[in-house]
Every structure is written in structure tokens, then in C-alpha cells.
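Please look at the model below with its ligand. The questions that follow concern the site of the ligand and the pocket of the protein.

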Amino acid sequence: MDGCIFCMIASGEIPSETVLETEDVRVVADISPANPGHLLVIPKRHADDFTKLDEASAVAVIKTAQRVVRAMNNTLHPDGINVLQNNGEAAGQTVRHYHMHLIPRYVGDTVRMSWVPTAPGSEAIHSAAAEIRAGLGEA
Ligand code: AMP
Ligand code: ZN
């Protein structure tokens with residue numbers, strides 16, 4: 001997509017610290033990492049977010065992420081790894097081209113990802129689930 005920075009990174013038009021390139025994805029170092037080794041799996045075909053990702057890209061992202069996470073474990077030996085992605089500004093998405101974060105984690109590091117568990121009651125839990133269930137037909 002014209003003007004999309006991650007399209008330009010994925011295609012190689014903008015140089016990046018590339019860890020792996022396949023036909024469908026490019027894996028690059030995040031420019032402002034949560035920890036050293038923080039990588040982004042970027043599909044080459046533009047999709048705004050998870051809902052827009054084509055099936056071949058989705059498969060390629062997951063397979064590639066698993067391969068790279070295994071390599072990360074074998075090389076950096078982190079205490080844990082976060083595999084995550086954000087959809088929409090409210091969820092923390094700042095680049096509107098789908099990408100998956102692979103973040104090596106260490107006990108005592110500065111990364112914070114948490115929510116306050118709530119207790120909305122079983123009726124609220126049930127009705128939200130029921131609403132989503134009813135919407136599956138249209139998805
Ligand atoms: P998100 O907030 O999930 O959309 O993540 C966007 C990520 O892209 C952030 O972690 C940024 O540090 C990273 N980022 C932004 N621009 C670049 C770039 N030119 N090269 C590498 N990473 C980038
Ligand atoms: Zn793009």
C-alpha cells in the first residue's frame with residue numbers, strides 16, 4: 001500500500017535489520033525494542049490488522065514466528081517470550097500494517113503488559129459470549 005512504512009520495510013525498499021525473509025514475510029528487529037532481540041514478523045501483502053489478513057499470510061506468520069521463537073530460545077535463552085499483536089489504536093496499534101511482536105523476556109525486565117482482572121459477574125460474561133457466538137454467522 002502506498003505510503004505504508006511496513007510495506008516498504010517488508011519489500012526491502014527501506015533497509016531493516018532483517019533476521020529472516022521468506023516469500024510471504026520478513027522478520028525484522030524492532031527499532032525501539034522492549035528488550036534486545038525484540039522482532040516483528042511482517043507479512044509482505046498489506047493488511048491493516050488481524051481481521052484483514054489473508055489466509056496464506058496468516059499461516060506464514062504463525063509458521064515463521066514459531067521457527068524464529070525456537071531459534072530465539074536456543075540462542076538468547078530468555079526466561080520467556082511474548083508473542084503478541086495489537087489491533088486498533090485503543091489496543092496499542094501504532095503501525096496500521098499487521099505485524100506480530102516476538103519479545104524475549106527476562107525475570108525483572110522493564111516490560112509491562114497487564115490488565116486488572118475484573119469480576120463483572122456470570123451474566124455479563126455469558127451475554128458477551130452469547131453476542132459473539134451469535135455474530136459468528138456473519139464473520
Ligand atoms: P504496534 O504498536 O503494535 O503497532 O507496534 C509498532 C512497532 O513498530 C513498535 O514497537 C515500533 O517500535 C516499531 N517500529 C516502528 N517503526 C519501525 C521501523 N522503521 N523499523 C522497525 N520497527 C519499527
Ligand atoms: Zn503496508
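Helices, for the purpose of naming what lines a pocket, are DSSP runs of H or I with at least four residues, and they are numbered from the N terminus. The model is predicted.

Q: Which element gives the most to the lining of the largest pocket?
A: The largest pocket has a volume of about 300 Å³, and two elements, α1 and β2 (25-29), give two or more residues to its lining. The lining has 19 residues, with F6, A29, D30, I31 and L40 nearest the centre of the pocket. The element that gives the most, with 3 residues, is α1.

Q: Where does ligand 1 sit?
A: Around ligand 1 there are 15 residues, of which D30, N86, G92, T94 and H101 come nearest. Helix α1 (residues 5-11) supplies the largest share of this shell, 3 residues. As for its place in the protein, ligand 1 sits in the largest pocket.

Q: How much of the area that ligand 1 exposes when taken alone does the protein bury?
A: An oxygen atom of ligand 1 lies 2.7 Å from a backbone N or O atom of G92, and an oxygen atom of the ligand is 2.9 Å from an N or O atom in the side chain of N86. A nitrogen atom of ligand 1 is 3.1 Å from a polar backbone atom of I31. Taken alone, ligand 1 exposes 510 Å², and the share of this that the protein buries is 81%.

Q: How many residues of the shell around ligand 1 are charged?
A: The shell divides by class into 7 nonpolar and 7 polar residues, and the number of charged residues is 1.

Note on methods:
Residues numbered from 1 in each chain as written. Chains lettered and ligands numbered in written order. Predicted model: local features only at pLDDT ≥ 70, side-chain atom pairs only at ≥ 80, totals over all residues. Heavy atoms only, no water. Near = heavy atom within 4 Å. Polar contact = N/O pair within 3.5 Å; in protein donor to acceptor, adjacent residues only side chain to side chain. Areas by Shrake-Rupley, 256 points an atom, 1.4 Å probe, with all protein chains shown as cover. 1 Å grid on protein atoms, 1.4 Å probe; cavity = no way out; pocket = protein on both sides within 12 Å on 5 of 7 lines; lining within 4 Å. Sits in = over half its atoms within 2 Å of the grid points. Nonpolar A, V, L, I, M, F, W, Y, C, P; charged D, E, K, R; others polar. Points joined across faces, edges and corners; volume = space filled by probe spheres on them.
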